Amino acid sequence: MAEKYSVPRGTFDILPADSYKWQYVKKVFSEVAAQFNFQEIVTPIFEQTDVFERSVGGSSDIVQKEMYRFQDKKGRNFALRPEGTAPVVRSFVENNLGMTGGNTKLFYLGPMFRYDRPQKGRYRQFYQYGIENIGSDNPFIDAEIIAFGYAFLSKLGLKNFELEINSIGCSNCSKDYNQALVEYFTPNLDKMCSDCNERINKNPKRLLDCKVPSCKEIAKDAPNMLEYLDEDCRTHFAQVQEYLNLMNIPFKVNPRIVRGLDYYNKTAFEFLDNNLGAQNALIGGGRYNGLVEQFGGKDTPGIGFAGGFERLLLSMETEGVSFGEEPKPNVFIVAIGEKAKQLTAKLLFDLRTNGIKAEYNPDKESLKAQMKAADKEKTRFTLILGEDEIAKNSIILKEMISGEQQEIPREKLVTFLQDKLR
RNA sequence: GUGGGUGUAGUUCAACGGUAGAGCACCGGAUUGUGGUUCCGGGCGUUGUGGGUUCGAAUCCCAUCAUCCACCCCA
């Protein structure tokens, strides 16, 4: 026997039994995007490695340890995209999308790749949806982006999620704050983990996030980021909260939210589902005002978020939320005898091209076997065609749940069914 | 990259170191043109893979791979 293969570690097949759920979630996302007036952008699955190294940053693990890197035949360096914002901004600059003025509102869907240890809600190839608004620093936009996330989760029927927001300030505030953190943590470093000891120089804010109990204990009384915001950042954050309140979107301020990617500043937020386990972030996002400039564009502010489909489906599964209708045919045809089988070829085609989802199994001969097949398809109707019906140029329509059946003239069948299925 | 748990039929799970089983699912049947419920019948599956211990291994040991959970990271 030939060797059997399996999917690469941390990846998975989306099988027919589940694929309609994915379609449903994508559809809902696209609908919300349309409501909020975001247009789709599709970028390649790989980019020059630099696109991620320069932006996502040197202190982030996803660039340092988790990127799938490769060289093409000419020795150029590429990476499978580990996240969606950097490619979108690359495209924004490359195609001068900002030239028309105003806000550029984009959404994307697709696979991302990170070489992580697989775990619940975490895969090496995972599917993200995300939105970006490039062109405005107005706190109104921050609130709009957050509202999009809230609207999307709500539209899916989810209830057990929480919104946490924070402001991590701009480079101006960070200078003072980082210094305050260094001053606070340095005397305690001998009691803290090796990661913290290393990060204090690269990105001191990350020490706030550490989950090692001893570190957590020390971080508990660390200086509060919000007290170090400058005037601009402080009012910006206050206004974001005000707009959220005006929309009746519930949130909690959590000064410990620190985004893992280097390009973030000002507003940062997460939608969390605490029933999910350790990987509990449904959506994560924030502002990235310097990023466009980093990519060689003119200084343009931006803000966005990204979320993972896998966690969304997990959440929906545990909350018992509906995934829309399971796909199935409307009618199943049962044909008895060779003549009936021949007529069924045309009948099937007529039904299908008239918008009726129809199925037939040519491998089953007996009426009984075909009825069983019909039952398994869970169709609402079965059409029965045998000698008698052929002679009368009619067909029997049976409603499976009630078991009731009636005879219908062949020429009226299509309109009759279209009417019934409306 | 680190730690712990688990790998047995399509699936969910049993089997004190002594012949590998059950539910669900699946297939067939219960007379001639009617499905679901019921009844009857149908299971050799490289016990993830490779070694080792033993008279004898699904069971104990080692390795390896996969998976799950946690650390970490983050969506």
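I45 is partly exposed, because its relative accessibility is 35%. I start there since this residue belongs to a surface feature. The model is a predicted one. I45 sits in the loop between strand 1 (39-40) and strand 2 (46-48). Together with F46 and F70, I45 makes up a nonpolar patch on the surface, and the accessible area of the three comes to about 240 Å².

Next, the RNA. Strand B is surrounded by 49 residues, and the closest are R117, K120, R199, A281 and K376. By class, the surface near RNA strand B holds 22 charged, 15 nonpolar and 12 polar residues. On the RNA side, 53% of the strand B atoms within 4 Å of the protein belong to sugar or phosphate, and the rest to bases.

Some individual contacts. R117 has a polar side-chain atom 2.5 Å from a base oxygen of RNA strand B. Q405 also places a polar side-chain atom by a base oxygen of strand B, at 2.8 Å. For Q128, the partner is a sugar or linking oxygen of RNA strand B, 2.8 Å from an N or O atom of the side chain. Several elements give two or more residues to the surface near RNA strand B, among them strand 6 (125-134), strand 10 (281-287), helix 11 (309-319) and helix 14 (387-392). Which element gives the most to that surface? Helix 13 does, with six residues.

Now the salt bridges. The count comes to 21. Side chains of opposite charge can pair when their charged atoms come close. In helix 1 (residues 16-35), K21 and D18 are about one helical turn apart, because three residues separate them. Their side chains meet in a salt bridge, 3.2 Å from N to O. K21 counts as buried because its relative accessibility is 12%, whereas D18, at 33%, counts as partly exposed.

D61 and K65 form another salt bridge, with the closest N and O atoms 3.4 Å apart. Here D61 is partly exposed, with a relative accessible area of 25%, and K65 is exposed, at 59%. In the salt bridge between D116 and R122, the closest N and O atoms are 3.5 Å apart. Are these two residues buried or exposed? Both D116 and R122 are buried. There is also a network of salt bridges that links D137, D142, D232, K266 and R287.

Last, K105, in strand 5 (residues 104-113). K105 counts as buried because its relative accessibility is 17%. The C-alpha atoms of K105 and I134 are separated by 6.6 Å, with the residues 29 apart along the chain.

Conventions. Residues are numbered from 1 along each chain as its sequence is written. Chains are lettered from A and ligands numbered from 1 in the order in which they are written. This is a predicted model: local features need pLDDT of at least 70, side-chain atom pairs count only at pLDDT 80 or more; totals for chains, interfaces and linings use all residues. Side-chain values use heavy atoms; hydrogens and water are left out. A residue is near a molecule or strand if one of its heavy atoms lies within 4 Å of it. A polar contact is a pair of N or O atoms within 3.5 Å; within protein, one must be able to donate a hydrogen and the other to accept it, and residues adjacent in sequence count only if both atoms are side-chain atoms. Helices (H or I, at least four residues) and strands (E, at least two) are DSSP runs, numbered from the N terminus. Ala, Val, Leu, Ile, Met, Phe, Trp, Tyr, Cys and Pro count as nonpolar, Asp, Glu, Lys and Arg as charged, and the others, Gly among them, as polar. Patches are made of residues with over 30% relative accessible area and no salt bridge: like charges are joined within 9 Å, nonpolar side chains (Val, Leu, Ile, Met, Phe, Trp, Tyr) within 5 Å. Accessible areas come from the Shrake-Rupley method with a 1.4 Å probe; for residues, only the protein chains shown count as cover. A salt bridge is a side-chain nitrogen of Lys or Arg within 4 Å of a carboxyl oxygen of Asp or Glu. Buried means under 20% relative accessible area, exposed over 50%, partly exposed in between (1.4 Å probe, protein chains only).
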